[in-house]
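Q: I am new to this structure and would like a close look at a single part. Could you walk me through the largest pocket and a few residues of the chain?

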Amino acid sequence: MLLTSCDPKKNHILSALSAEEYEQLIPHLELVTLSRAEVLFDANEKLQSVYFPITATTSLLCCFEDGSSVQ
């Protein structure tokens, strides 16, 4: 499903940028659709992308050596 009508400025971080900063960044933005529970990156993995959610919520899951975790 391609959402061509999504406005990147609906993201609070992008909307807080100055007009000049936003204009410099916008050519590098790409709209992607993610699946529910999709892992964006794993620990110790080099980041390849930065995400600016528009219609989603993300979370960080921390797993401990004893098997417990916190989100």
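A: Here is a walk from the model as a whole to the pocket and then to single residues.

This is a predicted model, in which local features need pLDDT of at least 70, side-chain atom pairs count only at pLDDT 80 or more, and totals for chains, interfaces and linings use all residues. Residues are numbered from 1 along each chain as its sequence is written, and side-chain values use heavy atoms, with hydrogens and water left out.

Let us begin with confidence. The chain has a mean pLDDT (the predictor's confidence in each residue, from 0 to 100) of 87, and 93% of its residues reach 70 or more. Among the elements, helix α2 (residues 19-25) has the highest mean pLDDT, 95, while strand β1 (residues 62-63) has the lowest, 86. Helices (H or I, at least four residues) and strands (E, at least two) are DSSP runs, numbered from the N terminus.

Now to the pocket. On a 1 Å grid over the protein atoms alone, a pocket is an open set of points where a 1.4 Å probe fits, with protein on both sides within 12 Å along at least five of seven lines; lining residues have an atom within 4 Å of a point. The largest pocket has a volume of about 1600 Å³, volume being the space filled by probe spheres set on the points, which are joined across faces, edges and corners. Its lining has 41 residues, and Leu34, Leu40, Tyr51, Pro53 and Thr58 lie nearest its centre. By type, the lining holds 26 nonpolar residues (Ala, Val, Leu, Ile, Met, Phe, Trp, Tyr, Cys and Pro), 5 charged (Asp, Glu, Lys and Arg) and 10 polar (the others, Gly among them).

Pro53 leads us to another residue, Asn11, which is in contact (heavy atoms within 4.5 Å) with Phe52 and Pro53, leaving aside neighbours within four places in sequence. Asn11 lies in the segment before α1 (12-15). With a relative accessible area of 6%, Asn11 is buried; buried means under 20%, exposed over 50%, partly exposed in between (1.4 Å probe, protein chains only). The Asn11 side chain reaches two backbone nitrogens, that of Ile13 at 2.8 Å and that of Leu14 at 3.0 Å.

Finally, visit the loop between α2 and β1, where Ala43 sits. Ala43 is exposed, at 69% relative accessibility, and its C-alpha is 9.1 Å from that of Cys62, 19 residues away along the chain. Glu45, also placed in the loop between α2 and β1, is partly exposed at 40%.

How values were computed. A polar contact is a pair of N or O atoms within 3.5 Å; within protein, one must be able to donate a hydrogen and the other to accept it, and residues adjacent in sequence count only if both atoms are side-chain atoms.
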